[in-house]
Structure formats: structure tokens, C-alpha cells
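Trainee: I would like a close look at one part of this protein. Please walk me through the side-chain pairings, one by one.

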Amino acid sequence: NESLQDIAAPRFQVLVGVLRAWMSGAGQRTDEIKPGLGAASIRDEAGNQVVLMRSVVEYCAEKTNVQKFAIECRNALAKSECLRNALWLNGRRDRNAADFYMIYEYAEKDLGSSKQITSLLGLSGNDLKSLRKSTNNLAPLDGGRHATGAEGVDWSLAQQQEFIARFLKGWIRYRALDTQCA
């Protein structure tokens, strides 16, 4: 028998991964706060911070962007174990370039070739090339995945994190709407 902790821990990590897909700076754990940077923002992409003062019926009747995204996540996760594994990786503490590239590899396993990924998720081939180049060549102390960071990189680790959030959001939306995979 699995204990409740054995069941809850991976689910919580997937939830943190979902939160980070919704907004790359969200879900930052206290132990991940870098000195001088502070905690992650509680504002949306447009800089808005909203407090709702409404009845429960009103609040539940009109879905916010977060609620819509949560529904998409639930539907997508039911259809793809690869996506669930990728979100688990995205929920890890101290994510690095290797984690981001493994997320791409899970997408490749789920969706097919890089051409299919770019087509289905609305990305450019240059985005995937920049991810590959950056994850392979970022210096190890900067979160790179190889022993030497010999060549130049297109994206810093923070830029890779931003891309992966967009990447996962697109993958979630694709799987949530996919009627072929149920």
C-alpha cells in the first residue's frame, strides 16, 4: 500500500509544474529564491493584480484565465502520460537545462518529430534549435547539461525557463483539445 505522502508528493510536483507552465515565475519555492531577486510575482503577464469580491455563485459562474487553464490541464493530463512526466520535471526544484531538454524529449515522444511539434504547438523551428543549442552549450555552473560549455548559447537558463513555460502551455492546450487522443 502506498502512503498518502507517496501519492501526494508526485501530484504536488506536477501541480507546481502546471503553475510554472501557466507563468514561468510562478510556483517558486522559498528555497529557490535567488539572493537579490526576491519571490516570484503574483501579477499576470500584463502586470495586473486582481482581487475579486463577489458571491460564490458569481465567482464560480465566470471562469477566470487560471480556472480555464486548470480545466485544460485536467483534460490534457488525462490524455498524456508524457505531458504528466514533463510537468513533473517542470515542478522540480532547481530546474536546469537538462530538465528543460527532457521536457522537449517527452514532447517528441508524445507528439512526434520536431516538425510536428512546431506545427502542432505553433512554435518556430528556430525556437527548438535555440533550445537545443543552449541546453547543450550552457556552462555547467549555469545549469548546462554537458561537461563543457564550449560554444555560444542563444538563451540563458532564465530564457529557457520562459520558453519552456510557453512550450508547455501550448502542449497542454493542444492535448486538451485533441479529440483523437482520449
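Mentor: What follows starts with the whole chain and then turns to rings and charges. Keep in mind that this is a predicted model.

The protein has eight helices and zero strands. Its pattern along the sequence is α-α-α-α-α-α-α-α. Of its 182 residues, 34% count as buried. Take the contacts between residues at least 6 apart in sequence: 61% of them join residues at least 24 apart. The exposed surface comes to about 11,100 Å², and carbon and sulfur atoms supply 53% of that.

Now the rings. The count is five aromatic pairs. One of them joins Tyr-101 and Tyr-104, with ring centres 5.4 Å apart. Their planes meet at 45°, which lies between the 30 and 60 degree limits, so the pair is tilted. Both tyrosines sit in helix 5, residues 97-111. They are three residues apart there, so about one helical turn separates them. Tyr-101 is buried, and Tyr-104 is buried too.

Helix 8 holds another such pair, Phe-163 and Phe-167. Here the ring centres are 5.7 Å apart. The planes again stand at 45°, so this pair is tilted as well. Helix 8 covers residues 157-177. Phe-163 and Phe-167 are four residues apart in it, so about one helical turn lies between them. Phe-163 and Phe-167 are both buried.

These two pairs belong together. Tyr-101, Tyr-104, Phe-163 and Phe-167 are among the members of one aromatic cluster. Trp-155 and Trp-171 are in that cluster too.

Next, the charges. Side chains of opposite charge can pair when their charged atoms come close. The structure holds six salt bridges. Start with Arg-173 and Glu-72, whose side chains meet at 2.8 Å, N to O. This bridge links distant parts of the chain. Arg-173 is in helix 8, while Glu-72 is in helix 3, residues 65-77. The two are 101 residues apart. Arg-173 has a relative accessibility of 37%, so it counts as partly exposed.

Move on to Arg-166, also in helix 8. Its partner is Asp-127, and the closest N and O atoms are 3.9 Å apart. The cut-off for a salt bridge is 4 Å, so the pair is included. Asp-127 lies in helix 7, residues 125-137. The bridge therefore ties together parts that are 39 residues apart in sequence. How accessible are the two partners? Arg-166 is partly exposed, with a relative accessible area of 46%. Asp-127 has 18% relative accessibility. Buried means under 20%, so Asp-127 counts as buried.

Arg-92 and Asp-99 form another salt bridge, at 3.6 Å, N to O. Arg-92 is partly exposed, with a relative accessible area of 31%. Asp-99, in contrast, is buried, with a relative accessible area of 2%.

One more group remains. Asp-110, Arg-175 and Asp-178 are linked in a network of salt bridges.

Put the parts side by side. Helix 8 carries the Phe-163 and Phe-167 pair. Helix 8 also carries Arg-173, which reaches Glu-72 in helix 3. And helix 8 carries Arg-166, which pairs with Asp-127 in helix 7. For a tour on screen, begin with the rings in helix 8, then follow Arg-173 to Glu-72 and Arg-166 to Asp-127.

How values were computed. Residues are numbered from 1 along each chain as its sequence is written. This is a predicted model: local features need pLDDT of at least 70, side-chain atom pairs count only at pLDDT 80 or more; totals for chains, interfaces and linings use all residues. Side-chain values use heavy atoms; hydrogens and water are left out. Buried means under 20% relative accessible area, exposed over 50%, partly exposed in between (1.4 Å probe, protein chains only). Contact means heavy atoms within 4.5 Å. Accessible areas come from the Shrake-Rupley method with a 1.4 Å probe; for residues, only the protein chains shown count as cover. Rings of Phe, Tyr and Trp (its six-membered ring) pair if their centres lie within 6.5 Å; planes under 30 degrees apart count as stacked, over 60 as edge-to-face and the rest as tilted.
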